[in-house]
Every structure is written in structure tokens, then in C-alpha cells.
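Trainee: I would like a close look at one part of this structure, the empty space inside it. Please start there, then show me what else is worth seeing.

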Amino acid sequence: MARNQVIEEQTLPFYHLKHYYPVRIGHIFNNRYRIIANLGYGAHSTVWLAWDEKVNEYATLKISVQIDKYSVEHSHVLNEINVLQRLKQFADKDHPGLDFTTLARDIFETKSLCGRHYCIAYKPQGNSVRTLQETFPNAMIPKLLVKSLIHRLFFSVNWLHATCGVAHTDISPQNVLMEIEDDTSLKDIEDQESQDPSVPIISTVNGDVSTIVYKSRPTMLELSGHPILTDYGQMRLVEGSVNRDWWMSDLYRAPEVLLQLPWEFPVDIWSIGVMTLELLEGKNLFDPIDRVHGQYVLPLALAQYIGYLGPPPLNIIQQSPLFSTYFDADWNWISEPPVPKTSLEDFVTTIPPGEEKDQFMRFIQKILTWDPEVRATSNEIIPDEWLMMPVEAML
């Protein structure tokens, strides 16, 4: 039994307050799911490879931190559960986006000494696109693979928007997994665990086990180009709702959220556009972070957006409560820092000048727009000429 180490989820801020479920390898949940190995962790859950003894196949089991109505995690976890239950209502629809979207196989509750925890069983998938990206030189994924990933993501988003009436709001390389083609990598993990059992780090309080932490075992990297959109803790209902709060992750935030205006489905299209450039170029389009203090800087973000997109349309910015703070009556930027001299075309270096780059620029400019009503919908962008370009034309 290992002690006095700090690994994995223990490195997270406020780990000691989160009350993760003390999972043990070999434990059986819900009289069905036998835990094989740790696959990973996050701020609100741990993820495990399990064997589903009811149907004799592998499953991924996501086990939430303890939830109560006073905890920050309560809303995040409950939101994901509610969204998954909503998506299940539409899962029998014949839509290609279902092939690229995570759905829950089973949802149930369990208890620890801390309280209640939700458990979600999924079909196992591979590593995230972020992990895949880190294996390529300069984090630049080949454009054919990027095109394959992005094109399929639009089908997933189309199903979420048009069929389910929800916006994901947190699309990024971390929240897109690569589909595994067979059980080979899962069997490898089980064999590794059998031959070299993981040693847990166990913490106790008054003689009772409070936490058990295992180092995770990564699955095999896949290059199939078959993405699976996942992680619904930030998902929002759009149909019949008005959303205008500060939302989305810093580097993928749509301009309507930035300008504190009402936002809907187009925020996901924006995120996919930013992600496309990141995967191709190996760096973020926007970087509005004060590295010294670790803070998001709103005027820096606005200046960068203007640098790449030009000034926001007057009819858009006049509706924003930020207008008088950052612009004068003649629509001029009056804040610091100054607007950088740059362009989307200059940012794209992995596609050389020519017909393909022209097509790509038309594609990305349909997505990265200030006005969400002008921004292409998933239906409109799926048949885009760059996404549909034959492979031989891109070599």
C-alpha cells in the first residue's frame, strides 16, 4: 500500500473538499460493473474501465464526486445527468450524428461515507483529441485527419441542435474522444493490470477510508478520424430558454458571450471553428490570459477578436453593455491594449496559398463571425466545399 505520494486527481485544487468515491479495483457496482483499471479523472469525476457482467462486454464507468445541494459540483453533475436523460429520449432517431455522440448506457446512484454519487456507464472510447494532438510535432495534426474529425463533429452538433434542442457549449480537443475500433487496447489494459497490479494510495480519517487513488492507465491512441463528442456538464437547453450569462471556456468563447448578449446554438459552431485552427496550427487563435495572475482579460480578448475578425458590426456592438466602455460614439476602439495587426489568413500557415487555402478561408470565415445570425449553421456547413474536397485534391 503506497502512501505519502500525490498523484492524478490529488493534484487538483481543493481536491480534499471534493469527496471522490473511494473506488477499489475489483469492486462491483450495481451488481453488474466490475472495476478493472483507472482510465482518468477530472474535476467532477473519475473514469474507470469495467467489465459489464450482465452483457459480457467492456464498459466505461464515470463516477461523480459526492453531490449535495450545497456543493459547486451539484449543478454540474446533475446537469450532465439531466442532459443524458434528455438525449436518451431522442436516441432512437435515425441521424448520422448519433455515430459521433456519447450516450449513456446506464445511470445509477451509489453511496460512500461522504454521501451520494452518480455513476454513468458508457461504451468505451479512446484518448481525447488533445492527447492525440500532443503526439504530433508542434501539436499540428495533419489536415486530412483534422478535416475528417471536424466534418464528423458537425454531424454530432447537428443532432444535438436540431433534434435535441441543446447546445454543448464546451467543445474543445479535451472533450472529443477518438473511437476505438475493437477491444484490443481494452484487453491490453486488463492484461497490464493483471500482470502489474496498480498500487492504491489510501487516505484514512479516524480509521475509515476516505480516499483511494490509483494512477490511470491510458488507452491506445487511434488515428481513425472518427470523433466522439463527450462531457455534457456545461450543456444548455436552448429551445424555449434565454441564455445570456458568462459561459464557455476562455479560449473557445463565442463573441456573443464575450459581448454579454443572448446566445444560442451558434456558440458551438464558433468553438469548432476555433478548434479547427488550433488542430491545424498547433496553437490557439486567441490567448487573452494574464499569465502572471492567471486571469482572463476581457479587453485583451476583445482586441484579439477585432484583430482577426475586424470590428464588430455596429448593430451588434450597440446592443452590448460593453459598448461605451470600449468604443466611442463613432465605433472606434478606445481601450488598451491596442488591436493587434493580424488576420485569419496570416494565422493559417499549414495550407499553402492556392485554391485549397481559398476554399479553407471561405469555410473558416463562415464560422468565425461576430454575428451569430450570419454564422453558418451545422446544416449549412456540412456540405462546405473544403470539407467535401476529395482527398487527392488536398495532397
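Mentor: Start with the largest cavity. Its volume is about 70 Å³. Keep in mind that this is a predicted model. With a threshold of 30 Å³ or more, the count is one cavity.

Now look at the walls. The residues lining the largest cavity are His44, Ser45, Lys62, Ile63, Ser64, His76, Val77, Glu80, Ile81, Tyr118 and Ile120. Sort them by class. Five are nonpolar, four are polar and two are charged. Next, ask where they come from. Strand E4 (57-64), helix H2 (72-89) and strand E6 (116-122) each give at least two residues to this lining. Helix H2 contributes the most, with four residues.

Move on to the open spaces. The largest pocket holds about 1100 Å³. It is lined by 37 residues, and those closest to its centre are Tyr41, Val47, Gln174, Leu177 and Asp231. Find these five in the structure before you go on. The class count for the lining of the largest pocket is nine nonpolar, 20 polar and eight charged residues. Several elements take part. Strand E2 (33-41), strand E3 (45-52), E4 and helix H3 (129-133) each supply at least two lining residues. E2 gives the most, with three. Notice E4 here. It supplies at least two residues to the lining of the largest pocket, and it also supplies at least two to the lining of the largest cavity.

The second largest pocket has a volume of about 250 Å³. Its lining has 15 residues, and Pro262, Ile316, Asp371, Pro372 and Glu373 lie nearest its centre. Helix H6 (255-258) and helix H9 (314-317) each provide at least two residues of this lining. By class, the lining has nine nonpolar, two polar and four charged residues.

Leave the spaces and turn to a helix pair. Helix H7 (residues 266-281) and helix H12 (residues 355-367) have axes that come within 8 Å and cross at roughly 140°. That crossing angle makes H7 oblique to H12. On the H7 side, the contact is made by Ile269, Trp270, Gly273, Thr276, Leu277 and Leu280. On the H12 side, Phe360, Phe363, Ile364 and Ile367 take part. Eight of the residues in this contact are nonpolar, two are polar and none is charged.

Next, charged pairs. Side chains of opposite charge can pair when their charged atoms come close. The count for this model is 17 salt bridges. One salt bridge joins lysine 123 and glutamate 179, with the closest N and O atoms 3.7 Å apart. This pair links distant parts of the chain, as the two residues are 56 residues apart. Lysine 123 sits in the loop between E6 and H3. Glutamate 179 sits in the loop between strand E8 (176-178) and helix H5 (184-195). You have met E6 already, as one of the elements that line the largest cavity.

Finish with the backbone. Two spots deserve a look. The peptide bond from glutamate 336 to proline 337 is cis, with omega near 0°. Proline 337 lies in the loop between helix H10 (323-326) and helix H11 (344-347). The other spot is alanine 139. Its phi is near 60°, a positive value in a residue other than glycine. Alanine 139 is in the loop between H3 and helix H4 (143-163). H3 has come up before, among the elements that supply the lining of the largest pocket.

Conventions
Residues numbered from 1 in each chain as written. Predicted model: local features only at pLDDT ≥ 70, side-chain atom pairs only at ≥ 80, totals over all residues. Heavy atoms only, no water. Axes fitted to C-alpha atoms, helices over the stretch in contact; angles between N-to-C directions. Parallel < 35°, antiparallel > 145°, perpendicular 65-115°, else oblique. Contact = heavy atoms within 4.5 Å. Nonpolar A, V, L, I, M, F, W, Y, C, P; charged D, E, K, R; others polar. 1 Å grid on protein atoms, 1.4 Å probe; cavity = no way out; pocket = protein on both sides within 12 Å on 5 of 7 lines; lining within 4 Å. Points joined across faces, edges and corners; volume = space filled by probe spheres on them. Salt bridge = Lys/Arg side-chain N within 4 Å of Asp/Glu carboxyl O.
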